[in-house]
Amino acid sequence: MPRLLPLALAALMLAGCAAGDGGTEGSGSRDGSGPITLAIGRDTTGYLRPLLDRWNQAHPAERVTLLELPEATDEQRAQMVANLQAGSDRYDVLGLDVVWTAEFAEAGWIVPLERSMFPLDRFLPPVVDTAVYRGKLWAVPYTSNAGLLYYRKDLLDAAGFEPPTTWAQLREQARALHAEHGIGGYAGQFLAYEGLTVNFAEAVQSAGGGQILSTDGTRVTMDPDRAEAGLDFLLGGFREGWIPQESLSFKEEESRLAFQEGRLAFARNWPHAYGPATQSGIAGRFGVTRLPGLHGPGAGSLGGLNLAISAFSRHQKSAVEFIRYFTGLENQRRVLTDGSFPPVWTELYDDPGLVERFPYLPVLKQSILSARPRPARADYDQVSLVIASTVSGALTPPFEESSDDVIASLKGQLDEIIRAP
Ligand code: GLC
């Protein structure tokens, strides 16, 4: 049986443990220390194990075991939820997508953490906000994320194009490069899942401002004209053929591979696609810039992963210490250099050595700071499902519904979710 820690006791215990406290041998001790399991999305770049090995060498009695969940965020959530609903103590530290904080906190699946245990004031402020719900800290930021536009610099240079800042420029260039080279013009993550919700939210936000829902999730704030403009940007690409139809099945990995294998002129993706592209056939021939928008640079959605502690974990003390290590400055540097993931420490974005190695860091920092959070609702998965399925229907041939009908229907469905008790 898992030993359930009442929240107050857990908080006291978390507040009381100091760095360097040793665990005991074997399967752990009564004070909450012992071996732990980190459940986190699949490590597609293989950077994680050496970082975990470093912890394990220094903490033989509190070894961490890596449990890789599926690659897509929705599937990770499904697996975690099934496990937590069953009250299982199998996972100790949970890699939570920034959009799950409200749901997991409300359900009582994660424990609140003591703020003073973590150097939160040195992290990017909007990133910390994603881990706070109803005034409490429920997780510690581990990686941030903001969408970037990847482009084939060699093809743009040859055609005399500057990297686009507006959708009109992107469309013109994507069409031209598609026609000239027979490759896809542009793609993002267009399969019906959280990735499409993000891509659509970014299109709405980049059509002159506005969000689908208010940040606190209590109101539908989507302006129909802007939402239609956002939808039309994507729909136009599918209709005109410069967004390839096969991208209706793209998640992050498929779009990353399509771009680095030379099958796309432009791609919207997260920063972790950068590192692998520098080792691919297009190394030295691509660049990254901010997402474009209707009238100029657009506004992305704030992504990322926070580390939380399962309420069913029997080794919560070790879990806190592990999170302190894993979100600490030294490890965060490696998260960037080895994993190509955006760190959460502000100062790493201004480190001259790192900026030289990752020239997109200033663009990324700006993109993270200007990105919009997704709404903090315990039923966010319902909101996302409605957005992704409605938009997916609209982008799939034969494109029967008009954009204003699609947006009106989406607004109606969202209103219903918000009104539901
Ligand atoms: C990335 C982001 C995450 C987002 C997901 C969508 O993993 O970090 O926040 O929900 O992509 O696919």
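**Exercise 1.** How far does a polar side-chain atom of W270 lie from an oxygen atom of the ligand?

*Solution.* First, know what you're working with: this is a predicted model, where local features need pLDDT of at least 70, side-chain atom pairs count only at pLDDT 80 or more, and totals for chains, interfaces and linings use all residues. Residues are numbered from 1 along each chain as its sequence is written, and side-chain values use heavy atoms, with hydrogens and water left out.

Next, the cut-off: a polar contact with the ligand is a pair of N or O atoms within 3.5 Å. For W270, the distance to a ligand oxygen comes out at 3.2 Å.

**Exercise 2.** Work out how D97 and R374 meet the ligand, and how much of the ligand the protein buries.

*Solution.* Start with D97: one of its polar side-chain atoms is 2.6 Å from a ligand oxygen. Then take R374, where a side-chain N or O atom sits 2.7 Å from an oxygen of the ligand. Now for the area (Shrake-Rupley method, 1.4 Å probe): the ligand alone exposes 310 Å², and the protein buries 87% of that.

**Exercise 3.** Sort the shell around the ligand by residue class, then place the ligand relative to the domains.

*Solution.* Collect the residues with a heavy atom within 4 Å of the ligand; among them are T73, N145, Y193, E252 and G304. Count Ala, Val, Leu, Ile, Met, Phe, Trp, Tyr, Cys and Pro as nonpolar, Asp, Glu, Lys and Arg as charged, and the others, Gly among them, as polar. That splits the shell into 3 nonpolar, 5 polar and 4 charged residues.

Finally, bring in the domains, with bounds from an automatic or database assignment. Domain 1 (7-145 + 303-370) and domain 2 (148-300 + 379-419) both contribute residues to the shell, so the ligand lies between them.

**Exercise 4.** Which peptide bond is cis, with omega near 10°?

*Solution.* Check the step from P397 to P398: that's the cis bond. To place P398, use DSSP runs numbered from the N terminus (helices: H or I, at least four residues). P398 falls in the loop between α16 (380-395) and α17 (403-419).

Key: A polar contact is a pair of N or O atoms within 3.5 Å; within protein, one must be able to donate a hydrogen and the other to accept it, and residues adjacent in sequence count only if both atoms are side-chain atoms. Helices (H or I, at least four residues) and strands (E, at least two) are DSSP runs, numbered from the N terminus.
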